[in-house]
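Please look through the structure shown here, taking the contact with nucleic acid and then a residue of the protein interior in turn.

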2 protein chains.
Amino acid sequence: MAEATLQSQTRADEAFDCLQTAIVTGELGPGEKIGELELCSRFNLTRGPLREALGRLESRGLLVRRPHAGVKVVSVSASELLELYRIREVMEGLAARQAAERMTDEEIAELQATLDSHEAMIEQAQGQAYYQAEGDYDFHHRIATGSRNAKLAQMLLGDLYYMVRMYRYRLSTSAGRPHLALGEHRRIVEAIAHRDGELAEFLMKRHINAARQNIEKKIEEGVLTI
Amino acid sequence: MAEATLQSQTRADEAFDCLQTAIVTGELGPGEKIGELELCSRFNLTRGPLREALGRLESRGLLVRRPHAGVKVVSVSASELLELYRIREVMEGLAARQAAERMTDEEIAELQATLDSHEAMIEQAQGQAYYQAEGDYDFHHRIATGSRNAKLAQMLLGDLYYMVRMYRYRLSTSAGRPHLALGEHRRIVEAIAHRDGELAEFLMKRHINAARQNIEKKIEEGVLTI
DNA sequence: ACGCTCGGTATTGTTGACAATATTAAGGTC
DNA sequence: GACCTTAATATTGTCAACAATACCGAGCGT
């Protein structure tokens with residue numbers, strides 16, 4: 001069961017975290033119509049905070065709510081995941097460009113260190129798939145915050161990444177190309193270290209584009225259904 | 001006073017609409033620390049739906065909420081508005097490209113008709129500034145929905161445009177170049193009509209870039225303060 | 001036998017009261 | 001006189017009961 005993030009500020013935040021992780025991890029299935037009282041008993045909440053959390057989830061597009069008809073988790077399709085990658089391509093391209101212009105030298109050093117640890121983890125091949133995904137999120141997370149563009153970071157970290165994670169869990173879609181991705185990450189960081197925003201943007205767009213094409217290939221192979 | 005949208009489905013939706021318009025139009029000033037009970041009496045609501053609406057507004061970044069410390073409308077700066085335009089540039093560029101690939105011929109015809117009416121309005125110069133802004137939103141709105149990218153449209157229509165409108169009201173920043181903008185709009189629609197996605201994206205990016213530079217110029221002239 | 005209408009039931013939406021916490025001001029001490 | 005401590009207050013967070021609405025099944029009509 002998805003537990004609350006340690007010491008959530010308020011009950012509503014707790015409910016929000018619980019539900020978000022439950023939806024993202026697929027604990028709440030797609031299209032699942034679920035009652036409020038059931039959610040309350042399941043997560044030890046009362047309806048007040050729960051409803052507040054439901055509203056936030058709804059406005060983020062993770063679930064849909066018809067008046068007096070209950071809430072149901074949003075249904076997903078592979079084609080929608082591809083659309084998400086189109087958005088990531090342009091937004092993270094911008095993030096990389098601005099990160100190249102604005103990240104501090106220290107942040108860039110940390111970013112490189114992050115990649116080093118990713119490389120070590122991949123070569124040890126321990127907990128591969130899981131860590132690969134987490135490392136990927138870590139990398140993109142740092143670039144988003146490094147852009148110093150508050151709204152951009154908010155949209156990426158608060159909306160898109162959760163969406164992508166949800167789709168990946170639902171469709172059991174892991175990137176599945178760790179070494180390639182790591183090399184692409186390295187080149188992006190190089191461009192950032194050289195303060196070459198244009199190049200960083202280009203490389204990031206190509207990186208995400210490659211990931212999208214990888215998913216498209218799986219669809220063609222019938223591994224994923226549209 | 002900002003009234004509820006006619007026949008909101010639920011009290012919480014009503015509260016959300018009221019507050020959103022109140023914030024966007026500047027009826028609730030920036031940094032204004034305002035109590036829940038005051039909001040209730042002001043908009044004829046009770047605290048339950050209000051709190052639900054506050055949560056939605058918070059997750060959209062229109063106001064900030066510290067536990068037990070109340071809510072305050074987000075403070076804005078001109079530099080943040082510029083960052084918003086950077087995001088718009090890449091996202092609406094994508095929207096234009098996808099719209100060129102996916103809009104129906106009928107939608108394109110409607111889009112052109114929309115521009116015709118804008119032109120007529122501008123030449124009559126009646127209610128210029130207001131209509132200019134509304135027409136601009138109408139244009140960008142149609143392209144966002146025409147992209148057939150649900151999440152992209154949601155982010156543009158549900159988040160970014162409200163943000164931009166808020167900043168514009170707060171900073172009294174109207175675009176102030178109606179004829180230029182109309183010409184740029186026409187070229188974008190031409191590209192879409194020719195199903196030239198690449199060109200549509202390029203033109204849209206340049207269009208928004210020009211609007212951003214216009215704001216930057218105002219900042220340099222001291223009209224806007226950072 | 002099938003479809004439609006109508007009422008019961010369960011769920012959601014809303015309300016008001018209760019409890020917990022941050023802010024504010026006053027008082028005391030250094 | 002300035003700073004810290006402490007208590008009163010007002011505001012927020014939470015909870016449980018009430019009202020409104022949609023869903024579901026039974027009864028009736030065709």
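A residue is called buried when its relative accessible area is under 20%, calculated on the protein chains only. In this model, which is predicted, Met166(B) has a relative accessible area of 0% and is therefore buried. Met166(B) belongs to helix α7 of chain B, which spans residues 150-171, and, when its neighbours within four places in sequence are set aside, its contacts are with Ile23(B), Val24(B), Val74(B) and Val76(B). Gly197(B) is 31 residues from Met166(B) in sequence, and the C-alpha atoms of the two are 30 Å apart in space.

The other part of the picture is the surface near DNA strand C, to which α2 (36-43) and α3 (47-59) of chain A, and α1 (11-24) and α3 (47-59) of chain B, each supply at least two residues. There are 18 residues around the strand, and of these Arg47(A), Arg51(A), Arg11(B), Thr46(B) and Arg66(B) come nearest. By residue class, this surface divides into four nonpolar, seven polar and seven charged residues.

On the side of the nucleic acid, 77% of the atoms of DNA strand C within 4 Å of the protein belong to sugar or phosphate, while the rest belong to bases. Individual distances to phosphate oxygens of the strand can be followed in both chains: a polar backbone atom of Glu36(A) lies 3.1 Å from one, and an N or O atom in the side chain of Arg51(A) lies 2.4 Å from a phosphate oxygen. In chain B, a polar backbone atom of Arg11(B) is 2.3 Å from a phosphate oxygen of DNA strand C.

Note on methods:
Residues numbered from 1 in each chain as written. Chains lettered and ligands numbered in written order. Predicted model: local features only at pLDDT ≥ 70, side-chain atom pairs only at ≥ 80, totals over all residues. Heavy atoms only, no water. Near = heavy atom within 4 Å. Polar contact = N/O pair within 3.5 Å; in protein donor to acceptor, adjacent residues only side chain to side chain. Helix = DSSP H or I, 4+ residues; strand = E, 2+ residues; numbered from the N terminus. Nonpolar A, V, L, I, M, F, W, Y, C, P; charged D, E, K, R; others polar. Buried < 20%, exposed > 50% of the residue type's maximum accessible area, 1.4 Å probe, protein only. Contact = heavy atoms within 4.5 Å.
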